[in-house]
Amino acid sequence: MFLYHLTLQQPTAITATAIGNFSGTKQQEIIVARNSVLELLRPDPQTGKVHSLVSREVFGIIRSLVAFRLTGGSKDYIVVGSDSGKITILEYNPAKNTFDKVHSEMFGKSGCRRIVPGQYLAADPKGRAVMIGAVEKQKLVYILNRDAATRLTISSPLEAHKSYTICQHIVGVDVGFENPIFACIEVDYSDADQDPTGEAFQNTEKLLTYYELDLGLNHVVRKWSDSIATRSNMLIAVPGGSDGPSGVLVCAENWITWRHPDHPAVRVPIPRRLDPYQKPDGEDVESRGIIIVAGVVHKMKKTFFVLAQTEEGDVFKITLEYQTGHDGVITGVQNMRIKYFDTLPVAAGLSILKSGFVFLASEFGNHYLYQIENLGDDEEDQPEYDSNSVPEEVDELVVTYNPRGLRNLSPMDELESLSPLIDAKVANPNHEETPQIYALCGRGSRSSFRMMRHGLEVSDLAVSELPGNPNAVWTIKSSAREEYDSYIIVSFVDATLVLSIGETVEEVTDTGFLNSTPTLMVAQLGEDALVQVYPRGIRHIRSDRQVSEWRAPGNKAIIRAACNQRQVVVALSGGELVYFKLDNHGHLDEYQTRKSMDALVTALALGPVPEGSLQTKFLTVGYTDPTENVNAVRVLSLDVNNCWDILGIQGVNAPVESLAVVEMMDTGTTVGNLYVNIGCQNGLLFRSSLDSVTGSTSDTRVRFLGARPVKLHVISVQGSSAVLALSSRPWLSFTFQGRNKLIPLSYEMLEYGSSFTSEQCQEGIVAIAGNTLRIMTVEKLGNIFNQLIVPSKYTPRRFAIHPHTQNIVIVESEHGTYCPSERKKLLAEKSGDAMEIEDGNGESGSQELPTEQFGLPKADPGKWASCIRVVRADGHALGEIDLDDNEAAFCVTTCVFNNQNGESYVVVGAATDVSLSPRACTSGSLHVYRFSEDGTNLELLHKTTVDDIPYALCAFQGRLLVGMGSSLRIYELGKKKLLRKCENKQFPSTVVSIHTQGNRIIVGDLQESVHYCAYRHFDNRIVIFADDTTPRWVTASTMLDYDTVVGGDKFGNLFVNRLPQETSEEVEDDPTGNKLVYERGYLQGAPHKFQHVVEFHAGATVSSVNRATLVPGGREVVLYTTFLGSVGVLIPFVSKDDVDFMQTLEMQMRNEFPPLCGRDHLAYRSYYIPVRGCVDGDLCEQFNLLTPEKKRAIAEDMEKSVAEVAKKLEDLRNRAAF
C-alpha cells in the first residue's frame, strides 16, 4: 500500500506573532506562525478586514518569531527559531509574493530539545543583535549588520551559556544606542540537583539577569543579576533611550514589578475579578493567584503604555510616570498605574498597529482584529491603582475591578480557527452533492460544534424579487473612466430591464437601450459608448445618447454574441460569424467578410484587450456538428492580415455551453497566462492554456462541476480576472497567492452572474436565481470551508449521529467549574450579593458574568460541569440535558440492541468526581436514552453503574462494547439497566477507541497502540490475538478493511497497520478457537504482530481519522484532523507508475527546494518513526512555486514536460479531494 498525503486546510491555531513593515511600505503587516506554516497578514485600515498575503509550509515546527529592523532601515526582516537547529532570517519579497531566505545559520541538533536554542528569541530594539535561547543552559547572540551592498550580514554566534540554569523568558532591553542588553528569567538548579532532602529545591531563587553584548570586545558578559518573585513568568521591555525609562516589567503571580539595575523596584498588584460563586467560608478567588500571559507596548509621540492580559482574559492598561531632566536624561520610574481596560479571549500573541488596531491571536478559538475606540483614561467608574499606595512590606494585596462589556475596543474582523479540534466525522445526513465535515472545536464557553462544507463563504448584500424569471444579467459602467458600475441590465424572455445604480437601485428608461426585446449581450465600448446585442441586431449607444443600429440580415437572427472594449462578434442562426471593430472615431465598423462555420455555433468568447493594444487577436468559437457528431472549440484569428484563419482546435466530449477567455495572474509576476475555459452541457469544465502569440491551446485540465450545463461568466476578484462557473452549484475560478484555485461557492444554484462594484460594495457579484436578483460578496478566499457554527456551553468531547432521525448528539464536559446544582446552591448562599456587571453602554444590572466574554466560573480541581446537547443536521439546536452532582460525560454512541424492533438508542458514558491525575473516579455510569416520537428530545431509559471511567463505546452485534480503564466489556439491554455479558481485563493501559467488523474487535489503547481481538460466541470470550511492536499513544483510529487499521497518536504520527494474511486466515480457520486461547505470547504481548505498512509524521496531535469519499465519483480516502485545526487526506495510489512518478518528484523537490527554515524534509516526516509507504503531496505541490528554470530542469530529469507534471499534481488532488 502506498498513500499520497495532502493538506486540505492548514493549521488554524496561531502559536507566535510579530508585527512590522515587512513589505517595505508604511503599512504594517503581521507575521504569524501556525505550527509549521508561516503566514503574512495585512489588516486593511479602510475596511478593518484582515487579508492573507502569502502562506508557506516550512516542514518544521516554528518555535519562536521576532521582527528585526536594522538601524536606519525601513524594512523589517523575520527571524525564525525552529526545530531545525538553525537560526533563519527571512525577507518578504512583495514583487514575487514570497519569502526569501537571507541567512540560515546552524548552531545545534534538530528537534525540539531542552538544551538546543530556538525556544526563545529576542531582538535588540535598535536593530543590532538577536539572542536565541534554549530552555536550559544555552543562549547565543548574533550581531546583525549590513555590508557595502546594503545586504544583511550575520556574525558568528557569541555564547552566553550557563550550566544548570533553566531559562523561562528572554526580551531585548531598550537602552538606546548603548551596548545591547538582553534580560532573562533564570533558575539555577545546581544546588537542588545535589540535595536529596529537597530543601534546596524549596529555597531555589528565580533570577532576573542582564546579558550585555560588548560591541567593542565582541563578547557577551553577565552584567547584572537580582532575585525576583519565585512565580515570575514573563518580561515586558519598557522603552528606553529618549523614549522612556528603560528596564523591564517583571510579571509575577498577583504583581507586576518594574526593575532596573540603577533604580529601586516599583510594583503594582494585578486587579482581580470578583467571582459571584466564591464560597462564603473565605476559600474564594482571593486564594488563587493570577498571572500575566500576554503583553504589548505601544509607543506614541511623547508617551507609551502597556497592555497586559491575565490568564482569565482581562486586559489592563499600565502607565509609568517618570521625569526628564534639563539635559534630556530620564530618571527612574516614580509611579506605576494599572487600570482595567477590557476583557478579551486569552491571547497567544497580542499586537497593536499604528493605524489603531489590536490584533489578538487567540490561544483557543477564533482570532480577532479590534479597533481602539478609547484609551480608557476617562473611565471614572473603574478603579485605578498606583504603586505609591502599595505598602512595601505587603506580600499579598487583593484589589478588584468592575467587570463590564467591551468599551475601549470594538471588534472589526474575525479569523475563523478550528483549534482545538477535538473530534470530527464525515457525513452527509442531508443527502447533498458532497459530504460535510462535522467537528467539535474550542474550549470552555468559546467552544462550538461546526458543520464545514467545501466552498467559499458568500454574504448576501441584497435580494430583490423581479417581475418574472430573468435569463441574464450584466453590469456596465457609463464610461471607461468610471470607478463604479452605472447600470444593471436584466434580460427577460421578451423584455429588458435597465436599473440605475446610485444610493438606491431604480429602473430607468432613457439610457438608449431597447426595452421591448430580450438582450444577448451588453458591454461598454471604447471610452464612453455602450453596446446592446439583441436577436434582431446591435445597438451602439454613444455618450450623447445617439444610437446607431445594425440589423441582422433577412430572416436570420443573432443567437450568440461576444464583446470586449473594442470588438464585437455575433453568430447568426445559419452558423455565420460577423465581426465588428471600433475605429479611431468611435464608429463600430463591420469587417468586410463574414465567416461561415458550417455547424451550429453554441458559444463565443473574446479575450481581454492586451495593454498597449487596440484589439485582441483571438476569437474562440464553440460549435456542434450533429451530422458528424463533432463537438469542438476553434480559435480563430482576428488579425487584419489573416482574419478568420483557424489557429487551433480543441475537441470536447459534449456540446459546448459557454466559453470564457481570461488572463490569470498565476505566474508570480505582473504578466499573466491566457486561458480558455470551456463549459460543456454534461457538467464538465475544460481549461486550456492559450498561447498569446500563436493562438494554439495546450495543457488541458478537466473538472466535473455538476449535473447541469456549465455557464461561464468573467468577473473580478481582488482586482484580477476570475471566472464564475454556474452548474448545479456555483464555482469560482480565481488566483490566490499566485496559484489558480477552483472552489465552489456555498450558495444555492444560480443561473447567470456578473461583476458588481459600487461605493457600498467595492467588489461583488450580481446574479439571478429564479425570479430574484441577488447582490453578494465573496471575501474569505483563503478559507476553503464554509462553516455553520453552533455554540457550546462546555468543552465538547464526542458526538454521534443518530441514524434514524439524523440528529446529532454531543456530550460536553468542563473541568474546574461548577455543575448547575452547586452553582444554584452557591448563589443562594450569596443571595443579594450578585455582581454588578456593566454592559458596553454603561448600564448595569445584578446578574452573573456572561460566559461568552468572561468564560466559565473557576472552581477547584475535581469539579465538573457537563451536558448532553441535541442538534439537528441543519444546525438548529433541539435541546440539552444537564448532568448534575459533579458528573461528567466523556463518550457517546448509538446502538441497535437485539429484540428492540430496530430502534436505535443513544448511550452516553459518564463518571462522577473524576480526578485527572491520577486518573480516578468514585463511580462511572452508562446512560441509555431513546428519542421521543417526534425525534426532538432525549428520554432517559435507565442508568447503569460501572467501575471506571468509560472512554469508548461501540455497537457490536446487537450489544454494546464498553471500554473503561483497562477493561473491555459487552453489555446487553435490560429493563432496568444494562446487563454485563462478557469482559476482558488484559489491556495494558486505558481503552480509548473501539471498532468492529464481523467477530473482530479493534481496540485502541492509550499508551500501547492497537490490539486485534476476536469474540468467540460458543464460550462468550474476547481473546486478544494480535498487537503492535511499537508503543503508540493512540488518539484516533479507524478500520480500512478486515485486516487493516489506520490511526494517529498524540505526537502527530499517522500509521497504517495490517495483520499478515496468513495470520488472518489462521485465526478465521480455527474451528474450536482453542488455538487462540492457548497460543504463547510473543515479545511480552499477543502471539501475533502487525505489519507496519505506512508511517508518516503529520506535525500535530491527530484528533480524528475517518474513511470517506469527499467528491462525487471520487475514490475513497482517509481524512484526518489535528488538534491545531488542520485537515488532511491520505489518498491511495492506484498504479505503480503513479507511485514511481511521485516518489521521483518528491526526491527532486527535496534536493532542489529545501524547506524554508532549514529543516530536512525527510527528517521532519520521520520525526519519531522513519517515513514509509507515503509520498508527501504538500512538498510535491511546491513544484508550482519554483522558478521556470528549476521547473524545466526537474521535468526534464523526469522525462516529462512542466505542464504534464503540474497536471499530474492537479489530477491527484481533484480526483479524490479538493
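## Pairing and the sheet of strands 75 to 78

Two strands count as paired here if DSSP finds at least two bridges between them. With that in hand, let's walk through this structure, which is a predicted model.

We can start with an open sheet of 4 strands, which has the order 75-76-77-78 and antiparallel pairing. Its edge strands are strand 75 (950-956) and strand 78 (978-984), and each of these pairs on one side only. From one strand to the next, the twist averages 25°. Inside the sheet, strand 76 (residues 959-964) and strand 77 (residues 967-973) are joined in the antiparallel sense over 5 bridges. If you would like a residue pair to look for on screen, try Leu960, whose bridge partner in strand 77 is Tyr971.

## Leu979 on an edge strand

Leu979 is part of strand 78, one of the edge strands of that sheet. Is Leu979 buried or partly exposed? Its relative accessibility is 36%, so Leu979 counts as partly exposed; the buried class would need a value under 20%.

Which residues does Leu979 touch, once its neighbours within four places in sequence are set aside? The contacts are Ile970, Tyr971, Glu972 and Gly974. Tyr971 has thus come up twice, as a contact of Leu979 and as the bridge partner of Leu960. For a sense of scale, you can also pick out Gly365, which is 614 residues away from Leu979 along the chain; the C-alpha atoms of the two are separated by 41 Å.

## The sheet of strands 27, 28, 29 and 31

Another open sheet of 4 strands runs in the order 27-28-29-31, with antiparallel pairing. Strand 27 (347-352) and strand 31 (409-415) each have a single partner strand, so each has one side without a neighbour in the sheet. On average, and with direction ignored, neighbouring strands of this sheet are turned by 20° against each other.

Strand 27 runs antiparallel to strand 28 (residues 357-362), and 5 bridges join them. Here a leucine is matched with a leucine: the bridge partner of Leu350 in strand 28 is Leu360.

## Strand 62, covered on both faces

How many of the 6 residues of strand 62 (residues 764-769) are buried? The count is 6 of 6. Gly764, Val766 and Ile768 are buried on one side, and Ile765, Ala767 and Ala769 are buried on the other, so both faces of the strand are covered.

Strand 62 also has partners to show you. Strand 61 (residues 752-756) runs antiparallel to strand 62 and is joined to it by 5 bridges, with Ser754 opposite Val766. Strand 63 (residues 772-778) is likewise antiparallel to strand 62, again through 5 bridges, and there Ala767 stands opposite Arg774. Strands 62 and 63 form a hairpin with 2 residues between the strands, where Gly770 takes a positive phi near 65°.

## Backbone details in the loops

Some loops are worth a look for their backbone geometry. The peptide bond from Ser419 to Pro420 is cis, with omega near -5°, and Pro420 belongs to the loop between strand 31 and strand 32 (421-427). Another cis peptide bond leads from Ser917 to Pro918, also with omega near -5°. Pro918 is placed in the loop between strand 72 (904-912) and strand 73 (923-931).

Positive phi values turn up in residues other than glycine as well. Ser246 has a phi near 65° and sits in the loop between strand 19 (234-237) and strand 20 (248-252). With a relative accessible area of 8%, Ser246 is buried. Gln806 has a positive phi near 60° and is found in the loop between strand 65 (796-801) and strand 66 (808-815). Unlike the buried Ser246, Gln806 counts as partly exposed, at 26% relative accessibility.

## A nonpolar surface patch

Which residues make the nonpolar surface patch of about 300 Å²? They are Trp1033, Phe1051 and Tyr1168. Phe1051 belongs to the loop between strand 84 (1044-1049) and strand 85 (1053-1058). Its relative accessible area of 36% makes Phe1051 partly exposed. A patch residue needs over 30% relative accessible area, so Phe1051 meets that cut-off.

Definitions and conventions: Residues are numbered from 1 along each chain as its sequence is written. This is a predicted model: local features need pLDDT of at least 70, side-chain atom pairs count only at pLDDT 80 or more; totals for chains, interfaces and linings use all residues. Side-chain values use heavy atoms; hydrogens and water are left out. Axes are lines fitted to C-alpha atoms, for helices over the stretch in contact, and angles run from 0 to 180 degrees between N-to-C directions. Patches are made of residues with over 30% relative accessible area and no salt bridge: like charges are joined within 9 Å, nonpolar side chains (Val, Leu, Ile, Met, Phe, Trp, Tyr) within 5 Å. Accessible areas come from the Shrake-Rupley method with a 1.4 Å probe; for residues, only the protein chains shown count as cover. A salt bridge is a side-chain nitrogen of Lys or Arg within 4 Å of a carboxyl oxygen of Asp or Glu. Buried means under 20% relative accessible area, exposed over 50%, partly exposed in between (1.4 Å probe, protein chains only). Contact means heavy atoms within 4.5 Å.
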